[in-house]
Amino acid sequence: MKALIIALLLYSGYSASANNSILVVANTAITNIELNRQEVRNLFMGSSLSYGLSAIALPPNNHTRILFNTKIVGLTESRIQAYWAQMKFTGRKKAPKELADEQLVLDYLENNQGAVGYLPSYIKIPNGLTILYEID
């Protein structure tokens with residue numbers, strides 16, 4: 001309950017600005033994919049979708065990641081880290097590959113078919129990439 005209240009407070013504070021919008025972007029040959037919030041959450045929490053997408057994440061202290069976790073995953077960073085530790089220990093799922101910043105994520109997406117990541121909406125998305133979901 002405490003985590004939900006914190007998440008709601010963070011969300012309400014950040015949602016007032018358009019600069020906090022996030023795009024979920026993929027390098028995929030299937031350009032008509034539209035994901036909903038739950039599908040995006042599942043993708044970044046280790047579940048696979050039928051599209052063969054592989055999630056890319058930003059490091060835990062990154063502002064865009066904090067917004068993404070608050071708006072989509074709905075868990076604090078410590079809960080997400082605990083989840084991934086448990087998944088790694090049991091060998092059930094593998095955490096998304098992490099890249100240091102948004103520019104590296106964009107470069108990785110451009111060069112790797114099937115990669116999907118999240119970026120702030122102020123970043124220009126190249127024509128070869130597909131926007132799967134937008135978070136206000």
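Two strands count as paired if DSSP finds at least two bridges between them. Helices (H or I, at least four residues) and strands (E, at least two) are themselves DSSP runs, numbered from the N terminus. With that in hand, take strand 1 (22–26) and strand 5 (130–135): they pair in the antiparallel sense over 5 bridges. That pairing is a handy way into the fold.

First, a word on what we're looking at. This is a predicted model, in which local features need pLDDT of at least 70 and side-chain atom pairs count only at pLDDT 80 or more, while totals for chains, interfaces and linings use all residues. Residues are numbered from 1 along each chain as its sequence is written, and side-chain values use heavy atoms, with hydrogens and water left out.

How confident is the predictor? pLDDT is its confidence in each residue, from 0 to 100; the mean for the protein chain is 87, and 87% of the residues reach 70 or more. The stretch to watch is residues 4–17, where pLDDT stays under 50. For that stretch the model has 8 contacts (heavy atoms within 4.5 Å) beyond four places in sequence. Where pLDDT is low, the predicted coordinates should not be read in detail. Helix 1 is assigned to residues 2–14, so keep that caution in mind when you look at the N terminus.

Now the overall layout. The protein chain has 5 helices and 5 strands, and from the N terminus on they run α-β-α-β-α-α-β-α-β-β. Of the contacts with a separation of 6 or more, 73% are between residues 24 or more positions apart. Buried residues, meaning those under 20% relative accessible area (exposed is over 50%, partly exposed in between, with a 1.4 Å probe and protein chains only), make up 41% of the 136 residues.

The 5 strands form an open sheet in the order 3-2-4-1-5, with mixed pairing. Strand 3 and strand 5 stand at the edges, each with a single partner strand, so one side of each is left without a neighbour in the sheet.

Let's walk across from the strand 3 edge. Strand 3 (residues 97–98) runs parallel to strand 2, and 2 bridges join them; here I56 stands opposite K97. Strand 2 (residues 54–57) is also joined by 2 bridges to strand 4 (residues 115–120), again running parallel. In that pairing, A115 is the bridge partner of S54.

From strand 4 the direction changes: 5 bridges join strand 4 to strand 1, and these two run antiparallel. L23 stands opposite L119 in strand 4, and it stands opposite E134 in strand 5. Next along strand 1, V24 has Y133 as its bridge partner in strand 5.

Strand 1 is mostly covered, with 5 of its 5 residues buried. Both faces take part: I22, V24 and A26 lie on one side, L23 and V25 on the other.

The loops at either end of strand 1 make a nice contrast. S21 is found in the loop between helix 1 and strand 1, and it is buried, with a relative accessible area of 8%. Leaving out residues up to four places away in sequence, S21 touches L119, P120, S121, I135 and D136. A29 sits in the loop between strand 1 and helix 2 (37–44) and counts as exposed at 68% relative accessibility. The C-alpha atoms of A29 and Y51 are separated by 9.7 Å, with their positions 22 residues apart along the chain.

Another loop joins helix 3 (63–73) and helix 4 (77–90), and G74 is found there. G74 is partly exposed, at 31%. Beyond its neighbours within four places in sequence, G74 is in contact with R37 and N69. Its C-alpha atom is separated by 8.7 Å from that of R41, 33 residues apart along the chain.

Finally, the largest pocket. A pocket is an open set of points on a 1 Å grid over the protein atoms alone, where a 1.4 Å probe fits, with protein on both sides within 12 Å along at least five of seven lines; lining residues have an atom within 4 Å of a point. The lining is L43, G46, S47, S48, L53, S54, A55, K94, A95 and P96. S54 is therefore a familiar face, as the bridge partner of A115.

Methods. pLDDT = per-residue confidence, 0-100.
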